[in-house]
Amino acid sequence: MNCNDYPMYGFADKAEVLDAARKYWNPDKTDFWVNEGIPLVIGKREGYVFEDIDGKSFIDMHLNGGTFNLGHRNPEIVDTLKDALDRVDVGNHHFATSGRAALAKALIETVPGNTMDKVVFGSCGGEAVDVAIKSARFATGRKKIVSIIKAYHGHTGLSIATGDDRFLKMFNCSRPDEFAHVPFNDIDAMERALSGDDVAAVIMETIPATYGFPMPAPSYLDQVKALCEKHGALYIADEVQTGLGRTVDFWCFEHHGITPDIVVMSKGLSGGIYPISATILNKRTAKWLYEDGFAHMATFGGSDLGCAVALKTIEITRRAETVEHVKALDALYSKRFAELLEKHPSLIEVRHDGTIAGLKFQGEDEPAVRFCKLLYDRGVWAIFSTLDKTVLQFKSGLLLPFDQANFVLDAIDDALNVLDGEIEKDAGADWTHEMKLAG
Ligand SMILES: Cc1ncc(COP(=O)(O)O)c(C=O)c1O
């Protein structure tokens, strides 16, 4: 049975955990949540529900960006890891292993059109993005990388330069000239950025998650890809948050009709159990692997344990019953979002695709931060978009049961009454739910 572990670590209660976190871990982050009235210390977790160690339970609609796409401690994935632990360990990254070879083949086969050739493994999304950029630079002999303003691709050496200034300035880093930013959905700006024929790659999320899931305008991605081809640049699809069946197709770019040169994946590939990332390369971008296979190394990249878990994750994600469930959730969300939009003036836009959505609220004063707390009070954990605090990220698990999905939608409905000014904030405090973890 899963249990809260704080006594194991010598803490008497939640306050002691928070004090130690403040003192030894991250004071600002710890205090940020406490000050927002969200002093979460996650203990038990199972399926799509977790408990704060003080006993309150929540439906997880954040999923750490999709890491828990298949639920917390998915029993099949846990069993896969346990079985792998009886046979292997992290492994030696210099040698071929059965798991690594099998996972690389499985990932290549997920991309339609038989266009992909090799996979480089890492242990986090930022590293996978770094590998993508390095591969594109090697393939093209060019240096420049174009990304979207308010993009988020991680915090490692190269990925951080593709993102928001907020994360660069702090550490006295300036954006190197070879990283250019353009506004999302602005094809003219993209054309200008590519027109010098000096760009190695454009990197984009198919739907930029941390920017609040703005949907690509019809044919925008097609046009970006066409411009890349015209100007000799490569197209990197960062599917860390949008891939793995979250938008019904295995990869979100599939229903935008584009074939990337490189696909980046992490988070959900771990099954929420063992860190792993993958950079999937086509023939052109895989060239360096024929020349110097030691040119990028990562001790934990594609560990034997991670490969076993990721293979199981892909298998569950591709099952017909999983895909059917995602389609049914998609239909439920479409219907209920339309009703919520009709009913609540404070909800001004819903950007929805499959199991993910951005809920945009009226007002400039960080309404999604307020809404996040209103949902927290109603037993739902969903997070605002870091780079657009007017938008709440709605991230549903692929296997979320319908009763829990409806519970979340009811909680959103109720919380919207507060934003609309229909009910006082405190009225929501009585809103309770019966969702309890077993044991
Ligand atoms: C789209 C996207 N790419 C890359 C990353 C970086 O992943 P990691 O935190 O595993 O380095 C993230 C993390 O949130 C992400 O959302």
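**Entry 1: a four-stranded sheet**

Two strands count as a pair if DSSP finds at least two bridges between them. I needed that before I could read any hairpin or sheet here. I also jotted down that this is a predicted model.

I started with an open sheet of four strands, in the order β1-β2-β3-β13, with mixed pairing. Which strands sit at the edges? They are β1 (42-46) and β13 (380-381), and each of them pairs on one side only. A reminder to myself: strands of a sheet pair through backbone hydrogen bonds, either parallel or antiparallel.

Next I walked across the sheet, strand by strand. β1 and β2 (residues 49-52) pair in the antiparallel sense, over three bridges. Between them I found R45 standing opposite F50 in β2. Moving on, β2 and β3 also run antiparallel, and three bridges join them. There, V49 is opposite I59 in β3.

β2 and β3 form a hairpin with four residues between the strands. Which residue in the hairpin takes a positive phi? I found G55, with a phi near 105°.

Then the sense changes: β3 and β13 pair in the parallel sense, over two bridges. I59 turns up again here, with V380 as its bridge partner in β13. Is β3 buried or exposed on its two faces? Both faces of β3 (residues 57-60) are covered, with S57 and I59 buried on one side and F58 and D60 buried on the other.

**Entry 2: around the ligand**

I switched to the ligand and listed what surrounds it: C124, G125, G126, Y152, H153, G154, E205, D238, V240, Q241 and K267. How does this shell divide by residue type? I get three nonpolar, five polar and three charged residues.

Then I looked at a few polar contacts. The backbone of G125 has a polar atom 2.8 Å from an oxygen atom of the ligand. G126 puts a backbone N or O atom 2.8 Å from an oxygen atom of the ligand too. With D238 the side chain is involved: one of its N or O atoms is 2.7 Å from a nitrogen atom of the ligand. How much of the ligand does the protein cover? On its own the ligand has 390 Å² of accessible area, and the protein covers 84% of that.

**Entry 3: hunting for disulfides**

A disulfide is a covalent bond between the sulfur atoms of two cysteines. I searched the whole structure and came back with zero disulfides.

I checked C173, which is in no disulfide: its nearest cysteine sulfur belongs to C124, 16 Å away. I noted C173 as partly exposed, because its relative accessibility is 37%.

C252 was my second check. Why is C252 not bonded to C228? The sulfur of C228 is the closest cysteine sulfur, but it is 17 Å away, so it is too far for a bond; the cut-off is 2.5 Å. C252 has 0% relative accessibility, so I put it down as buried.

**Entry 4: a loop residue**

I looked up A161 and found it in the loop between β5 (144-148) and α6 (166-169). Is A161 buried or exposed? It is buried, because its relative accessible area is 3%, and the cut-off for buried is under 20%. I also took a distance to A320, which is 159 residues from A161 along the chain: their C-alpha atoms are separated by 39 Å.

**Entry 5: a covered helix and a covered strand**

How many of the ten residues of α12 (residues 367-376) are buried? Nine are, so by the under-20% cut-off I call the helix mostly covered. P367, A368, V369, F371, C372, K373, L374, L375 and Y376 are the buried ones.

Strand β10 (residues 277-282) is mostly covered too, with six of its six residues buried. One face holds S277, T279 and L281, the other A278, I280 and N282.

Which strands pair with β10? I found β4 (residues 116-122), which runs antiparallel to β10 and is joined to it by six bridges. There is also β9 (residues 262-265), antiparallel to β10 as well and joined by four bridges. I280 of β10 is a handy landmark here: V119 stands opposite it, and V263 does too.

Notes: Residues are numbered from 1 along each chain as its sequence is written. This is a predicted model: local features need pLDDT of at least 70, side-chain atom pairs count only at pLDDT 80 or more; totals for chains, interfaces and linings use all residues. Side-chain values use heavy atoms; hydrogens and water are left out. Buried means under 20% relative accessible area, exposed over 50%, partly exposed in between (1.4 Å probe, protein chains only). A residue is near a molecule or strand if one of its heavy atoms lies within 4 Å of it. A polar contact is a pair of N or O atoms within 3.5 Å; within protein, one must be able to donate a hydrogen and the other to accept it, and residues adjacent in sequence count only if both atoms are side-chain atoms. Accessible areas come from the Shrake-Rupley method with a 1.4 Å probe; for residues, only the protein chains shown count as cover. Ala, Val, Leu, Ile, Met, Phe, Trp, Tyr, Cys and Pro count as nonpolar, Asp, Glu, Lys and Arg as charged, and the others, Gly among them, as polar.
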